[in-house]
Each structure stands twice: as C-alpha cells, then as structure tokens.
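Let's take a stroll through a small piece of molecular architecture together. Have a look at the sequence and the 3D view, then read on.

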Amino acid sequence: MTNTIIIIVVVAALAGLLPAFIAQLKGKSFVRWWVYGVFLFPVALVHALSIGMGAILQTKRCGYCRSMVRMDAPHCPRCGYEFIDWS
Ligand SMILES: [Zn+2]
C-alpha cells in the first residue's frame, strides 16, 4: 500500500516535468509550472502547449498596406512595414 503511494507520487512528480519544460521554453516559471503539472497534469499540459497560441490566432491590420498580420509579427510580411512594440 505504501509502495503504491510512493509510485503515484514519483509518477506525478515526473509527469509534472513535461508541462514545466514546455512552459519554461515559453518564458514561464519552471517551479510554478512543475507544481501545477504535478497536481493537474492533463490541464497543465494542454495549458502549457497553448501558451502563445492566442497570439498566432489573433491578427492585427497593417497600418501601411491594410493586410491582416499575426498579432506577434514584428513586421508586415507583405509590405515589410515594421510594427513598434510598446510593451
Ligand atoms: Zn503591410
């Protein structure tokens, strides 16, 4: 019985590393995401994979040629107009 609990804890700790690594690659806190992954592995994994997806799905309009461009694009792929990042 004790062995089963130890195995569950070890598996959860190891499983939590996956979303933690993914989140770290995207500039998030490794430790915070590891804890999140240990307790809510499936949720944390999907969440970690979806970081940054919002920027890909969101678009803005180029101020120069009026074409739709990805939200995180540094410049317009059509006319080369450079967007200024105010953040
Ligand atoms: Zn443009």
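Where does cysteine 62 lie? You'll find cysteine 62 in the loop between β1 and β2. Helices here are DSSP runs of H or I with at least four residues, strands are runs of E with at least two, and both are numbered from the N terminus.

Before going further, some ground rules. This is a predicted model, in which local features need pLDDT of at least 70 and side-chain atom pairs count only at pLDDT 80 or more, while totals for chains, interfaces and linings use all residues. Residues are numbered from 1 along each chain as its sequence is written.

**The two domains**

The chain splits into domain 1 (2-51) and domain 2 (57-87), with bounds that come from an automatic or database domain assignment. Taken over C-alpha atoms, the centres of domain 1 and domain 2 are 35 Å apart.

**Helices side by side**

Start with helix α3 (residues 30-39) and helix α4 (residues 41-50). They pack at an angle of about 135°, and their axes are 5 Å apart. The axes are lines fitted to C-alpha atoms, for helices over the stretch in contact, and the angles run from 0 to 180 degrees between N-to-C directions. So α3 and α4 are oblique to each other; angles under 35 degrees count as roughly parallel, over 145 as roughly antiparallel, 65 to 115 as roughly perpendicular, and the rest as oblique.

Who does the touching? On the α3 side there are Trp33, Tyr36 and Gly37, and on the α4 side Phe41, Ala44 and Ala48. Two residues are in contact if their C-beta atoms, placed from the backbone, lie within 7 Å. Sorted by class, this contact of α3 with α4 has five nonpolar residues, one polar and no charged ones. For that sorting, Ala, Val, Leu, Ile, Met, Phe, Trp, Tyr, Cys and Pro are nonpolar, Asp, Glu, Lys and Arg are charged, and the others, Gly among them, are polar.

Now for the inside and outside of these helices. A residue is buried if 20 or more other C-beta atoms lie within 10 Å of its own, exposed if 12 or fewer, and partly exposed in between, with C-beta atoms placed from the backbone. In α3, the buried residues are Trp33, Trp34, Tyr36 and Gly37. They sit on the same side of α3, because they cover an arc of only 165° around the axis; the arc is that of the directions from the helix axis to the C-beta atoms. Their cover includes α1, α2 and α4. Turned away from that buried side, another face of α3 carries the exposed residues Val31, Arg32 and Phe39.

Helix α2 (residues 17-25) has Pro19, Ala20 and Ala23 as its buried residues. Seen down the axis of α2, these fall within an arc of 105°, so they line one face of the helix. They pack against α3 and α4. After α2 comes glycine 27, with a positive phi near 85°.

Glutamine 24 belongs to α2 as well. Leaving aside neighbours within four places in sequence, glutamine 24 is in contact with Phe30 and Trp33.

**Over to the strands**

Back to cysteine 62. Not counting residues up to four places away in sequence, cysteine 62 touches Ser67, Val69, Cys76, Arg78, Cys79 and Tyr81.

Arginine 66 is also in the loop between β1 (59-61) and β2 (68-70). Its phi is near 65°, a positive value in a residue other than glycine. What about its surroundings? Arginine 66 is exposed, because just 10 other C-beta atoms are within 10 Å.

Arginine 70 is in strand β2. With 14 C-beta neighbours inside 10 Å, arginine 70 counts as partly exposed.

**Along the chain and through space**

Here is how some pairs compare in sequence and in space, C-alpha to C-alpha.

| Pair | Apart in sequence | Apart in space |
|---|---|---|
| Leucine 14 and arginine 66 | 52 residues | 48 Å |
| Glutamine 24 and isoleucine 84 | 60 residues | 26 Å |
| Arginine 70 and glutamine 58 | twelve residues | 6.2 Å |
| Cysteine 62 and cysteine 79 | 17 residues | 8.8 Å |

Leucine 14, from the top row, is in helix α1 (residues 2-15). Leucine 14 is exposed, with 11 other C-beta atoms within 10 Å.
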